[in-house]
Every structure is written in C-alpha cells, then in structure tokens.
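Here is a friendly walk through one model, from its helix contacts to its strands. Keep the viewer open and follow along.

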Amino acid sequence: MPKASNNLPYFTADLPGIGGEIKVEPEDFVVEEIPAYEPGGEGQHLFLWLQKRDIPHDQLIRRLAGTLAVSPNDIGFAGIKDRRAVARQYVSVPISCQERVGDLNSDQITVLQATPHVNKLKTGHLRGNRFTIVIRNAAENALAVAESVVQRLSQFGFPNYYGDQRFGHDGETLKLGLDLLTGVKKPQEIPYSKRKFLLRLALSAVQSDLFNQALSQRLQEGLLHTVLEGDILEVTQSGGKFVSEDVTQEQARLDAGEVTVTGPMFGVKMLSPHGVTLERETKLLAESGLTLDLFQKYSQLLSGARRSFVARPAELETAQVSEGIQLKFTLPSGVYATTLLRELMKDDSAAAPAPTEDAADES
C-alpha cells in the first residue's frame with residue numbers, strides 16, 4: 001500500500017540548505033491569486049476579491065455562507081489557500097448577497113472589491129499564484145546559500161511534488177483515501193457536514209501519493225529531465241499532451257523548455273503512456289496493491305489526469321530583510337510553494353500538515 005510521501009529526494013541534494021522557519025506570523029506567507037479572467041461587471045454572480053488572514057478554507061466558506069445567508073454550495077472559488085497566511089483571492093456568491101457583503105469585514109476577512117459576473121467561479125479558474133515568503137531563523141550564511149539554490153531552480157525548475165499537507169496529519173487523509181478506495185470504509189461513515197470535502201480530499205491524496213512515488217523514482221534514477229519512450233509530454237504554452245515517439249527530437253524540445261514530462265494521476269480516464277513508461281507506471285500501481293478497477297468506484301472524483309514532473313518558478317528572487325530571508329516568486333496553478341521551499345530549507349520545515357491547508361500552491 002502507498003503511504004504518505006516522507007523523505008522525498010531533493011533535486012538540489014548537493015547544495016546545503018538554510019534551515020529556518022516559515023509562517024511564524026501569517027504575514028510571513030503572502031499569496032495572491034493570478035485569476036484566469038476578471039469579472040465582467042454584469043451577471044447573476046458577484047465576484048468578491050477578498051483578503052483572508054489566518055483562517056482555513058472550510059471556515060472561510062462557512063463564514064461566508066452564514067453571513068450572506070446562502071448555501072456553501074452557492075459559493076465558488078478557484079483555489080484553496082493556506083490557513084497560516086495572508087491570502088488574496090476571488091470567491092463568487094449569488095448577486096442577491098450584494099447588500100450584505102459589507103457584513104463580512106472583520107479582522108480575518110476583508111472584502112477589497114465586489115464585481116458582478118455572468119458565471120460562478122469554479123475550481124481551477126486561475127493562472128497561478130504570486131508569493132512573498134519570509135524564512136526566519138535561517139543559517140548565518142543563508143542569503144549566499146539561498147542564491148545558489150535559487151539559481152539552480154530558476155534554470156532547471158524543481159520536482160513538482162504534492163506537499164505533505166495534501167496527506168493530512170500523520171498521513172490520516174491518505175489513510176482515509178486508501179480505506180475508501182479499497183472498501184474498508186464507506187463514504188457514509190464520514191460525518192455528513194464534512195463528507196463532500198473530505199471524500200474528494202482523501203481520494204485525491206491517494207492519486208497524489210502515487211504521483212510522488214513516480215516522481216521520486218524518476219529523480220533517484222537521474223531521469224527527471226530525460227524523455228523516455230512512451231512518455232506523455234505536455235506542451236508548456238498550450239497544455240496539450242501527446243505521446244513521445246521520437247525521443248531525440250522530444251529531448252531537444254524538453255531541453256528548450258517547450259515541453260515537460262508528465263506523471264500519473266491514476267484514474268479511469270487518465271491518458272495512458274506507452275512503452276517503457278507504461279511498464280513503469282503499471283509496476284508502480286501493482287506494487288502499491290491497487291488496480292485501476294478500484295478507481296472506477298469513484299470515477300466522478302478520480303477521473304484521472306497527467307501532472308508535470310517539473311515545475312518552473314517565474315520571477316524568483318531572494319533578499320535579506322529584517323525578519324530573515326525573503327523569497328518572491330510566481331507558480332503555475334496546481335504547484336505547491338512548499339515544495340520549492342523544502343529545496344531551499346532542506347529540513348522539511350516547509351511542511352504544514354493539515355487537511356484544510358491544501359494550499360494556494362495546489363490550485
């Protein structure tokens with residue numbers, strides 16, 4: 001059986017880390033969504049550009065629903081943001097809430113803007129996230145070390161692992177997902193108020209752990225930036241995916257940053273690789289004691305996908321500030337900031353296990 005992915009190999013293992021702590025204060029971890037589009041100014045939904053401070057996602061949704069007198073199902077969001085952070089993001093609510101929006105303002109929630117739009121906001125409707133993060137109590141030579149690691153990551157990217165927070169405290173979320181997938185537990189055993197949220201989170205934790213294992217194997221074998229026969233490649237600009245047939249040609253495109261190699265998010269509709277890559281992924285699933293048939297039971301939640309093995313940060317900068325080492329960078333949607341931070345810190349302090357902190361990183 002898979003288990004929470006601890007002790008994952010580093011891409012920058014030959015470089016020292018700076019240690020330190022993150023999220024000592026919520027202001028140490030600032031994240032801002034880069035929306036896929038701006039609201040149009042007309043429609044039956046109201047897009048709220050809000051700032052939240054030190055509040056988990058599920059509590060935010062409950063606060064919005066209670067104050068605005070709507071069902072949580074009426075609230076749309078593009079991504080889940082970290083609890084221990086200052087986060088700016090869009091959420092959508094019915095236009096009928098317009099007069100009560102001001103009641104949301106508190107020491108934890110501030111509505112910065114409210115604009116009508118024709119559609120409800122849906123998960124994944126964002127281009128990425130912009131981060132400003134402070135690492136406190138780092139090593140004495142932290143800035144010089146940080147700059148060497150940042151140079152490597154800017155040039156080659158970093159392993160696109162799912163962060164430990166994906167799997168819950170001590171892997172509890174992952175264990176629940178495995179129990180659901182293998183029939184040890186039924187969805188009805190999850191409290192109704194948390195069922196929808198935990199069901200999706202727990203099942204996706206299984207997919208995420210298997211992906212991390214596939215990525216870890218690739219890195220340990222020195223194949224992170226190597227195209228294999230039958231790989232599923234993703235075009236960097238368009239996101240289109242295709243099977244690698246000409247390894248030499250596609251390796252050149254990979255080296256140029258035109259494509260990336262993807263790994264498995266197992267599910268019944270996942271695009272399947274060919275050749276040696278298919279053999280590797282089939283072996284991984286078998287050694288985990290799982291079969292694709294098990295994913296069929298939850299096909300609506302586990303349809304399957306491909307995820308890039310390597311993430312490339314944009315605008316990655318380091319600086320010395322009074323509180324410690326400051327990092328600024330932008331990541332695509334779905335990438336965890338904590339996976340970048342662990343390459344720099346080298347002590348896994350970047351991990352913040354909590355099932356509700358599925359991170360701005362993640363969506």
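Which residues in H3 meet which residues in H4?

## Where H3 meets H4

This is a predicted model, and the pair H3 and H4 makes a good starting point. On the H3 side, the residues in the contact are Thr173, Leu174, Leu176, Gly177, Leu178, Leu180 and Leu181. They meet Leu199, Leu201, Ala202, Leu203, Ala205, Val206 and Asp209 in H4. Sorted by character, the residues of this contact are 11 nonpolar, 2 polar and 1 charged.

As for the geometry, helix H3 covers residues 172-181, and its axis is 7 Å from that of H4, with a packing angle of about 95°. An angle from 65 to 115 degrees counts as roughly perpendicular, so H3 is placed roughly perpendicular to H4.

## H4 and its other helix partner, H6

H4 also packs with helix H6, which spans residues 275-287. Here the two axes come within 11 Å and cross at roughly 130°, so H4 and H6 are oblique to each other. The crossing of H4 past H6 is right-handed.

From H4, the contact takes in Leu210, Gln213, Ala214, Gln217 and Arg218. Their counterparts in H6 are Thr277, Arg280, Leu284 and Leu285. The residues of the H4 contact with H6 comprise 4 nonpolar, 3 polar and 2 charged.

## An open sheet with helices across it

How are the strands ordered in the open sheet of 4 strands? The order is S9-S8-S10-S11, and the pairing is antiparallel. Strand S9 (241-243) and strand S11 (305-308) are the edge strands; each has a single partner strand, so one side of each has no neighbour in the sheet. From one strand to the next, the twist averages 45°.

Within this sheet, strand S8 (residues 232-235) and strand S10 (residues 259-265) run antiparallel and are joined by 3 bridges. If you want a spot to zoom in on, Leu233 stands opposite Val261 in S10.

Two helices lie across strands of this sheet. Helix H4, made of residues 192-220, lies across S10 and S11 and runs at about 130° to S10. Helix H5, residues 247-255, lies across S8, S9 and S10, at about 100° to S10.

## Strand S2 and its partners

Further towards the start of the chain, let's look at S2. Strand S2 (residues 45-53) pairs with strand S4 (residues 86-94) over 9 bridges, in the antiparallel sense. One place to look is Leu48, whose bridge partner in S4 is Val91.

S2 also pairs with strand S5 (residues 109-117), again in the antiparallel sense, over 8 bridges. There, Leu46 has Pro116 in S5 as its bridge partner.

## H2 against H8

At what angle do helix H2 and helix H8 pack? The angle is about 135°, and the axes of H2 (residues 142-156) and H8 (residues 337-345) are 9 Å apart. H2 and H8 are therefore oblique to each other, and their crossing is right-handed.

In H2, the residues involved are Ala146, Val149 and Leu153, which meet Leu340, Glu343 and Leu344 in H8. This contact of H2 with H8 has 5 nonpolar residues, no polar ones and 1 charged.

## How confident is the model?

Before you build on any of this, a word on confidence. The chain has a mean pLDDT of 92, and 94% of its residues reach 70 or more. Where does pLDDT stay under 50? That stretch is residues 351-363, for which the model has 59 contacts beyond four places in sequence.

Definitions and conventions: Residues are numbered from 1 along each chain as its sequence is written. This is a predicted model: local features need pLDDT of at least 70, side-chain atom pairs count only at pLDDT 80 or more; totals for chains, interfaces and linings use all residues. Side-chain values use heavy atoms; hydrogens and water are left out. Two strands pair if DSSP finds at least two bridges between them. Axes are lines fitted to C-alpha atoms, for helices over the stretch in contact, and angles run from 0 to 180 degrees between N-to-C directions. Contact means heavy atoms within 4.5 Å. pLDDT is the predictor's confidence in each residue, from 0 to 100. Angles under 35 degrees count as roughly parallel, over 145 as roughly antiparallel, 65 to 115 as roughly perpendicular and the rest as oblique. A crossing is left-handed if the near helix is turned anticlockwise from the far one by less than a right angle, and right-handed if clockwise. Ala, Val, Leu, Ile, Met, Phe, Trp, Tyr, Cys and Pro count as nonpolar, Asp, Glu, Lys and Arg as charged, and the others, Gly among them, as polar.
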